[in-house]
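Colleague: Hi! Could you walk me through this one in plain words?

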Amino acid sequence: MKHHLDFEKPIIELQNKLAELKKHPEAHSLDISFAEEVALIEKKLEETKRQIFLNLSAWDRIKIARHPKRPFTLDYIRHAFSDFSELHGDRLFAEDRAVVGGFACLGPHKVMVIGTQKGRDTKENILRNFGSAHPEGYRKALRLMKLANKFGLPIISLIDTAGAYPGIGAEERHIAEAIAVNLREMMLLEVPIIAAVIGEGGSGGALGIGVANRVLILENAYYSVISPEGCAAILWKDRAAAAKAAQALKITARDLLALGLVDEVVPEPLGGAHTDPETCAETLKAALLKHLEEILAWSPAERLKQRYEKFRRFGHYLEKRPTTGEAVEAQSPKT
Amino acid sequence: MSTTSFTKKTLGLETTEPALTPPPAAPPVSSFNKKPKLAAKPKKREIPEGLWTKCPKCGTMVFDKELDENLKVCLQCEHHFPISARERIHSLVETCTFEEMDADMTSVDVLQFTGVASYTSKLQDYQRATGLKDAVITGICRMGPHRVALGVMDFSFLGGSMGSVVGEKLTRLIERATEKTLPLIIISTSGGARMYEGMFSLMQMAKTCAALAYHAQARLPYISVLTHPTTAGVMASYASVGDLIIAEPGAMIGFAGPRVIKDTTQAELPPGFQTAEFLLDHGLIDAIISRNQMKAQLIKYLDYLTGGQKAAAGL
Ligand SMILES: [Zn+2]
């Protein structure tokens, strides 16, 4: 019953009303039957949900993306994958539990699945460091990805992090370098790589496991260069302006698709992934399989070329044509 | 030198954002708010002669002309003042050998960023005040006997932040270096990704590193030079993956801003945290080189990096 978001209130009220009525069937309205009234409320509930979720602001969606009951990486590994064998450690310093990874099956395919992992309660959040990885997490992810590359296993990367961890140890062990090396090395892996942002796509910490042939995003997830709060603090001098910043940054799944920054928006159950994690996992599984099977058909050289060109074309700028001196807006051609 | 002088003075970052240290919210030069007069560059040399600058580290009053002649390094204490990209290029390359690439490329407000001020007006203000089109200058040049692909960032343009132009110019430079089998040097100074360009700015990290992957695969040398300050998205991409990583003395270098780290961890930061010297002690940096020695040292590194068996084999 806890963890309701403010815009969910009308839905919760209707759900309560329905539950109440079912508990006390004798209390139904006098002019219609019990069954009719239930049907009526159920219809109203669906309409209300649809209405609310159709008109969510960017900030509302970020609240869903951060919902404490939202399915996390291990939930998707449980529901969309089978036969998970977790592998640990970066072989350099430590085991970072903000990143999970291991062998698993996606449908008929043996793959390496990695992802950032948040905790459900305080205890688990301490273990998972709230899903914010240290350098060891990125190095472990790269170790597993290189292992996958060596033995021909496709890589599925699930992204859900507010960002890489801003801590003293993280800096002392060069978190920026760990991320940068991943960006470079992921570009040279010959196996298919598919990334999916399932919750929060927090800046470099997300991109650090996000260099892929296809980048998918769940409907209510976001992917941003900076948190809306951080952006608000800098540009508006007020963290409370986060909703405005969220809007301005264009970080919702639909915005990112419109800008060509992601390849597909994976729909969530009406009401958000947290209302029906299993259905959401099924949908994600189908989307992952579709892209995986497509890319599996390509040669390693084609996979490398497509991945390079995909990231190569990101950017908008003006260039002067040397002949006319006229400025033209350019973006590298789509591939 | 105290860390506070770095964190507060030059970075000027009020942020609390982990993954990205932002550019200063306000232009660094006071004359910005009044409409800048023509290409007014509030540089000291345009102000009447005989001006002195107080060194923030040792407190000595340094004659500006001497400071300029010494590449903006304090003659008393070796404090490295900020230096523009043009001045730096001048200090590194052989005269008249710098062939600039993409000199006219400029940023566009692709998101139509609706913040407190429009991105377009910010760009115009900075272009007027700095005489730069954006935060990086790239080109092919000669340094000693070596032909080199050189990229130099300038912090005075929107805090050296990386948007599509910085990413594209550097990527073209790296691709050109790979194509022409040239060594690459990038001299960084940046507050991180340029948030006005949203996810397009984040993607420049992947784009530049992608180009570097193929430059490295071709066994061509890349020297990354970190200058004050180099942080966040730039540090978490091309600046961190050099065959050699060199820093200027006292440069602030890191991923997250010190205030963010303090707020997150509620811990005291160790002395010298996130300085070049600290990172040398922690194993990231190959060498700290004074600006006055930089050119000679870079040429020496290139002698070694291009003088091995591979070069002998005529590759
Ligand atoms: Zn001094």
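Modeller: Happy to; we can go from the overall build to the small details. Keep in mind that this is a predicted model.

Colleague: Let's start with chain A, then. How many helices and strands does the secondary structure of chain A come to?

Modeller: There are 14 helices and ten strands in chain A.

Colleague: And what does the C-alpha trace of chain A span along its principal axes?

Modeller: About 75 × 55 × 45 Å. The radius of gyration of chain A is 22 Å, and a compact globule with 335 residues would have one near 20 Å, so the two agree.

Colleague: Nice. What share of the residues of chain A count as buried?

Modeller: 49% of its 335 residues do. If you take the contacts in chain A with a separation of 6 or more, 68% of them are between residues 24 or more positions apart.

Colleague: Now the two chains together. How many residues does the contact take from each of chain B and chain A?

Modeller: Chain B gives 60 residues and chain A gives 52 residues. On the chain B side, at least two residues each come from β4 (106–107), α5 (164–179), α6 (198–217), α7 (232–235) and α8 (258–265).

Colleague: Which of these gives the largest share of the side of chain B that touches chain A?

Modeller: That would be α6(B), with 15 residues. Sorted by character, the residues on that side of chain B are 35 nonpolar, 20 polar and five charged.

Colleague: Okay, and what about strands? Which strand of chain A pairs with β4(B)?

Modeller: Strand β9 of chain A, residues 317–320, pairs with β4(B) in the antiparallel sense, over two bridges. To find the spot on your screen, look for Leu318(A), whose bridge partner in β4(B) is Thr106(B).

Colleague: Found it! Changing topic: how many residues does the largest nonpolar core have?

Modeller: It has 172 residues. The ones with the most contacts inside this core are Met145(A), Ile155(A), Ala196(A), Ile217(A) and Cys209(B). Our helix from before turns up again here, as α6(B) provides the largest share of the core, twelve residues.

Colleague: Let me zoom in on Ile155(A). What does Ile155(A) touch?

Modeller: Leaving out residues up to four places away in sequence, Ile155(A) touches Val111(A), Met112(A), Ile114(A), Met145(A), Ala148(A), Leu189(A), Val191(A) and Ile193(A).

Colleague: Back to chain B on its own. What domains is chain B divided into?

Modeller: Domain 1 covers 3–29 + 85–308, and domain 2 covers 50–81. Their centres, taken over C-alpha atoms, are 24 Å apart. In the contact between them, domain 1 of chain B has ten residues and domain 2 of chain B has seven.

Colleague: Which helices matter on the domain 1 side of that contact?

Modeller: Both α1 (3–11) and α10 (291–305) of chain B supply at least two residues there. That side of domain 1 of chain B divides into one nonpolar, six polar and three charged residues.

Colleague: Got it. Are there strands in chain B that I should look at too?

Modeller: Try β5 of chain B, residues 136–143. Three bridges join it to β3 (residues 99–101) of chain B, and the two run antiparallel. Glu100(B) has Gly139(B) as its bridge partner in β5(B). Then β5(B) is joined by eight bridges to β6 (residues 146–153) of chain B, again antiparallel. There, Ile140(B) has Ala149(B) as its bridge partner in β6(B).

Colleague: How many residues are between the strands in the hairpin of β5(B) and β6(B)?

Modeller: Two, and in that hairpin Gly144(B) takes a positive phi near 60°.

Colleague: Any odd backbone spots to finish with?

Modeller: A little background helps: most residues other than glycine have a negative phi, and most peptide bonds are trans. The peptide bond from His228(B) to Pro229(B), though, is cis, with omega near -20°. Pro229(B) sits in strand β8 (residues 222–231) of chain B.

Colleague: Which loop does Lys72(B) lie in, and is Lys72(B) buried or exposed?

Modeller: Lys72(B) is in the loop between α2 (64–69) and α3 (85–92) of chain B, and has a positive phi near 60°. Lys72(B) counts as buried because it has 20 C-beta neighbours inside 10 Å.

Colleague: And Gln274(B)?

Modeller: Gln274(B) has a positive phi of about 65° although it is not a glycine. Its place is in the loop between α8 and α9 (276–281) of chain B. With 26 C-beta neighbours inside 10 Å, Gln274(B) counts as buried.

Terms used
Residues numbered from 1 in each chain as written. Chains lettered and ligands numbered in written order. Predicted model: local features only at pLDDT ≥ 70, side-chain atom pairs only at ≥ 80, totals over all residues. Contact = placed C-beta atoms within 7 Å. Helix = DSSP H or I, 4+ residues; strand = E, 2+ residues; numbered from the N terminus. Nonpolar A, V, L, I, M, F, W, Y, C, P; charged D, E, K, R; others polar. Pairing = 2+ DSSP bridges. Core = buried A, V, L, I, M, F, W, Y, C linked by C-beta atoms within 7 Å. Buried ≥ 20, exposed ≤ 12 C-beta atoms within 10 Å, placed from the backbone. Rg over C-alpha atoms; globule rule 2.2 N^0.38 Å. Domains from an automatic or database assignment.
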